[in-house]
Amino acid sequence: MEKPLIINHIYDKHAGILRIRTGERIDSGNAVSFGQVVTTLRQTCPGGRIIFDLEDLKYLSSMGLRVFLKLSKTEKNRISVVNVSPEVEDIFRMTGFDTFFDLSRKMRRVSLDGCAIIGRGANGMVYRLNPDTIIKVFRPDADFSVVEREREKARAALLKGLPTAISYDVVQVGDSYGIVFEMIGSKSLADVLKEDEAHFDRYAKAYSALYKEIHSTEGDVETFGREKDIYEEAIEYCSDVYTPQELEKLRLLVRNIPERTTLIHGDFHPKNIMLIDGELALIDMGDVSTGHPVFDFLATAATQVNLLKLDPAFAEQFTGMPAPMISRLWKSLMEDYFAGKSTDEIRQIDHRIAGFSKLKVALAPYFARDLNEAVLHASIQDARTNLLPIIDELARGFE
Ligand SMILES: Nc1ncnc2c1ncn2[C@@H]1O[C@H](COP(=O)(O)OP(=O)(O)OP(=O)(O)O)[C@@H](O)[C@H]1O
Ligand SMILES: [Mg+2]
C-alpha cells in the first residue's frame, strides 16, 4: 500500500502554527504532489509559522529539497523543520539547505528514573535531571504547540537580555512532553522573603526593578503574540457566562487599553521568580506576551489583591507567602514602580489597577480552569458587582 505523503496536519490559529507531519519519503515520485498539497493547506491555514514534523521522514531527494526551498522563499523566515532524523539532517546539511530553515532534531526520550521532584505547578511536574538541568514535564494532554511555544518564548526572552533560564530541547517523557531548562536556583523569591524577612525591602526593590526591566523590553509580536488577542479569546470563551451587553462591555475595556509592544510576563508572582547568587531570575515563561504593562499589573493584582480578599488561604497557597507579606509586597511594588508620583497619585493608580484586575477575575472560567466551583462562582459574582457597573468609567481616560 502506498504510504501517505502527509500523515496529518494540525492548525492552531491562536498560536499561529500550522504543523504538517510528512510521510516516509519525499522524492522525484511525489515531490510535485507534496508541494501542491502543502500550498493548498497553506491557503486554508494562513498566517504564522509552518512547522514540518519529519518524525517519519526517512529519505528526501533533491526534488524534495527544492519544494522546501521554494516554500522558504514565499514564507520568508516562518518555516521550522522539527523531529529530523540524523540521516535526513545529513541531507539538509551536506547540501547546505540547513541554512534556509530552523532545523531541530528528533526529540530525545528522557527517563525520570531516580530524578527528584523539585516543583509542581498547574502545568505539570518539575524534576531535577542532573545538577545543572531540570525538566518541566507537562500533563499528558498538553498540546505540543503549547510546550514548544513556552520553550520558544523562554529562549527569545533570554535573547532579549531578560534574566531567565536557558531552555534546551523539548523531549518526550513517557506519554508527555517536557522542556529541559537550566537549573536556576533552588529557592523562589517567596521562600527567600519568608526565610530572610529582615531583608524584605531589598528583595522587594529587586522585584519591582525586575517588573520594570520586563516592561522596558520591546518584544516582537510574531514571537510573543499579543496579550489583547488572548483577552479577546477569553471573552469569547465566556460567552455562555455573560449577557451580550456584558460581553460587549468587557470587549470595550480591552479595546481601550493602549497598544504597546513591550514585553509582559503574564504570571508574575513570587513563586515564578528564583533567586540565584542574590539576583532574581524569571521562570515559567509560557505566558510571556506583548502589550501594555497594565496587563501584568492586573494579573498580579488578581491574585495579590483580589484573591487575597476573596479567598486568603488560596492566595497564600498560590503566592507561597502569608497574607500580610503578600500585601506588603504589593504595596512596595506600587511605591517603587511609580516612584516620583505623589502618595495620592499612587493611591489612584492602585485603585484603577484593582478595577482592572477584576477583568481577569471576570474571565476566570478561561484563565483559571482548575478553580473550584465556589471560587469560580464568587469570581463571576465579583465581576458583576464590582466591575461591570464601573467598566465605562474604567475604559475611559488612559494616560
Ligand atoms: N529553571 C528552573 N530552575 C529551578 N527550579 C525551577 C525551574 N523551573 C521551575 N522550577 C521549579 O518548579 C516549579 C514549577 O515550575 P513552573 O512555575 O514553571 O511550573 P507551572 O506548572 O507553569 O507553574 P504555575 O502553576 O505557576 O503555572 C517552580 O515554582 C520552581 O520551584
Ligand atoms: Mg509557576
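These notebook entries record what I looked up in a predicted model of a protein chain with a ligand.

**Entry 1: domains**

I began with the domain assignment, which divides the protein chain into domain 1 (6-105), domain 2 (117-182) and domain 3 (187-395). I then took the centres of domain 1 and domain 2 over C-alpha atoms and found 25 Å between them. To the contact of these two domains, domain 1 gives five residues and domain 2 gives four residues.

**Entry 2: the shell around ligand 1**

I next listed the residues around ligand 1 and obtained 22. Those that come nearest are Ala122, Asn123, Lys136, Ile184 and Asp284. Sorted by class, the shell consists of ten nonpolar, seven polar and five charged residues. I also asked which domains supply it: domain 2 (117-182) and domain 3 (187-395) each contribute at least three residues.

**Entry 3: polar contacts of ligand 1**

I looked up the short distances between ligand 1 and the protein. At alanine 122, a polar backbone atom is 2.7 Å from an oxygen atom of the ligand. At asparagine 123, an N or O atom of the side chain is 2.7 Å from an oxygen atom of the ligand. At isoleucine 184, the partner on the ligand is a nitrogen atom, 2.9 Å from a backbone N or O atom of the residue.

I followed this with the accessible area. Ligand 1 on its own has 610 Å², of which the protein covers 87%. I then noted which elements give two or more residues to the shell: strand S8 (117-120), strand S9 (124-130), strand S10 (133-138) and strand S12 (176-182).

**Entry 4: strands S13, S15 and S16**

I turned to the strand pairing that involves S15. Which residue of S15 stands opposite lysine 187? I found leucine 275 in that position. The pairing here is between strand S13 (residues 187-188) and strand S15 (residues 273-276), in the antiparallel sense and over two bridges.

S15 also pairs with strand S16 (residues 279-282), again in the antiparallel sense, over four bridges. In this pair I located isoleucine 273 opposite leucine 282 of S16. S15 and S16 form a hairpin with two residues between the strands. I checked the backbone there and noted that aspartate 277 takes a positive phi near 55°.

**Entry 5: points to keep**

For ligand 1, I keep alanine 122, asparagine 123 and isoleucine 184 as residues with polar contacts. For the strands, I keep S15 as a partner of S13 and of S16.

Methods. Residues are numbered from 1 along each chain as its sequence is written. Chains are lettered from A and ligands numbered from 1 in the order in which they are written. This is a predicted model: local features need pLDDT of at least 70, side-chain atom pairs count only at pLDDT 80 or more; totals for chains, interfaces and linings use all residues. Side-chain values use heavy atoms; hydrogens and water are left out. Two strands pair if DSSP finds at least two bridges between them. A residue is near a molecule or strand if one of its heavy atoms lies within 4 Å of it. A polar contact is a pair of N or O atoms within 3.5 Å; within protein, one must be able to donate a hydrogen and the other to accept it, and residues adjacent in sequence count only if both atoms are side-chain atoms. Accessible areas come from the Shrake-Rupley method with a 1.4 Å probe; for residues, only the protein chains shown count as cover. Ala, Val, Leu, Ile, Met, Phe, Trp, Tyr, Cys and Pro count as nonpolar, Asp, Glu, Lys and Arg as charged, and the others, Gly among them, as polar. Domain bounds come from an automatic or database domain assignment. Contact means heavy atoms within 4.5 Å.
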